[in-house]
Amino acid sequence: MSLNLRDVQCDPIANRTLNELMHHYTVAEEKSRLVLTKAAGDMKLFLYDLDDLYQLDFVHNQQMVREIERLRVRSTTIDQARESWRVRALMAEAQLLEATARTSNNGGSHKVSDLRYASLKRYLAKRFHPDCGPGQGIEKIVRSEIFKEIWNEIERLDQGVSGSRFATARSSSAA
C-alpha cells in the first residue's frame, strides 16, 4: 500500500504525529512513500505506511508517560517539603509567641493574641494586596475588590478592639 499526504491527513493519529514531525522535518511525497528531511542536516526518514506514524506516536506517548511520572514524583517531593517547612514555621511561631508571652511583664508588652492578630493582618495584606500579587487585567481588579472587602472588615475589627479597650480603660478609671 502506498502512503500519501491525503491518507495521513484523513487519519487523526497519523496527522497529529506528522504535524509534530513537521516542526523539525520538511515533508515530500515520493512514489509510494513520504520522505521527511531534517531541516538542519541531511537526515531523512522514509515512511511507507500509516503504521510507521503510529509507531512514532506510540514512542512519543511513552516518553510523555515517563515525563508525567517523573513530574508526579517531583511534585509529591515538593509537597512533602512544603508541608515540612510549614510545620517548622508553625512550631517556630509558637516558640516565639511563648517566649514573648514569658518576657511580657503584665501589660508592658503586647499580648500573644495581639501578636497573632498583627501577624495575620500582615499575612492578609501581603496575600491579597493588588500591588503584591501576580496577574493583570481582570485578575488585578478581582484581587483589589477582595482586598477592599477584607480590609474593611479588618478596620471594623480594629475599631471594635480599640473601642472596647477605650471602654475598659474608662470603666477602670471611673472605679
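Which residue in β3 stands opposite L36? Keep that in mind as you open the model, which is a predicted one. The tour reaches the reply at the second stop.

**Stop 1: the whole chain**

Show the chain as a cartoon and colour it by secondary structure. You will find five helices and three strands. Following the sequence, the elements come in the pattern α-α-β-β-β-α-α-α. The chain has 175 residues, and 14% of them count as buried.

**Stop 2: the sheet**

Now select the three strands. They make an open sheet in the order β1-β2-β3, with antiparallel pairing. The edges are β1 (25-30) and β3 (44-47), each of which pairs on one side only. From one strand to the next, the twist averages 20°.

Begin with β1 and β2. Six bridges pair these two strands in the antiparallel sense, and the strands form a hairpin with two residues between them. Select E30 and look across to β2, where R33 stands opposite.

Move on to β2 (residues 33-38) and β3. These strands also run antiparallel, joined by four bridges. Here is the reply to the opening question: L36 stands opposite L45 in β3. Two further places to click are L34, which stands opposite L47 in β3, and T37, whose bridge partner in β3 is K44. If you show side chains here, it helps to know that in a regular strand they alternate between the two faces of the sheet.

Then follow the chain from β2 into β3. This is another hairpin, with five residues between the strands. Select G41 in the turn: its phi is positive, at about 135°.

**Stop 3: helix α3**

Next, select residues 50-103, which make up helix α3. D52 has its place in this helix. Is D52 buried, partly exposed or exposed? At 23% relative accessibility, D52 counts as partly exposed, because the buried class ends at under 20%. Add A14 to the selection and draw a distance from C-alpha to C-alpha: D52 and A14 are 8.7 Å apart in space, although 38 residues separate them in sequence.

For another view, select W85 and R88 and show their side chains. The charged end of R88 sits over the ring of W85, at 4.2 Å from the ring's centre.

**Stop 4: the largest pocket**

Turn on a surface and select residues 112-128, helix α4. This helix gives the most to the lining of the largest pocket, with six residues. The pocket has a volume of about 220 Å³. To see the lining, select E93, R116, S119, L120, R122, Y123 and K126.

**Stop 5: the aromatic pair**

How many aromatic pairs does the structure hold? There is one. Select F147 and W151 to see the pair: the ring centres are 5.3 Å apart and the planes meet at 20°, so the rings are stacked. The cut-off behind that word is an angle under 30 degrees. Both residues lie in helix α5 (residues 138-174), four residues apart, which is about one turn of the helix.

Before you leave, keep F147 selected and turn the surface back on. F147 is buried, because its relative accessible area is 14%, and the buried class takes in values under 20%.

Notes. Residues are numbered from 1 along each chain as its sequence is written. This is a predicted model: local features need pLDDT of at least 70, side-chain atom pairs count only at pLDDT 80 or more; totals for chains, interfaces and linings use all residues. Side-chain values use heavy atoms; hydrogens and water are left out. Rings of Phe, Tyr and Trp (its six-membered ring) pair if their centres lie within 6.5 Å; planes under 30 degrees apart count as stacked, over 60 as edge-to-face and the rest as tilted. Buried means under 20% relative accessible area, exposed over 50%, partly exposed in between (1.4 Å probe, protein chains only). A charge sits over a ring if NZ of Lys or CZ of Arg is within 6 Å of the ring centre and within 35 degrees of the ring normal. Two strands pair if DSSP finds at least two bridges between them. Axes are lines fitted to C-alpha atoms, for helices over the stretch in contact, and angles run from 0 to 180 degrees between N-to-C directions. On a 1 Å grid over the protein atoms alone, a cavity is a set of points where a 1.4 Å probe fits but cannot get out, and a pocket is an open set with protein on both sides within 12 Å along at least five of seven lines; lining residues have an atom within 4 Å of a point. Grid points are joined across faces, edges and corners, and a volume is the space filled by probe spheres set on the points.
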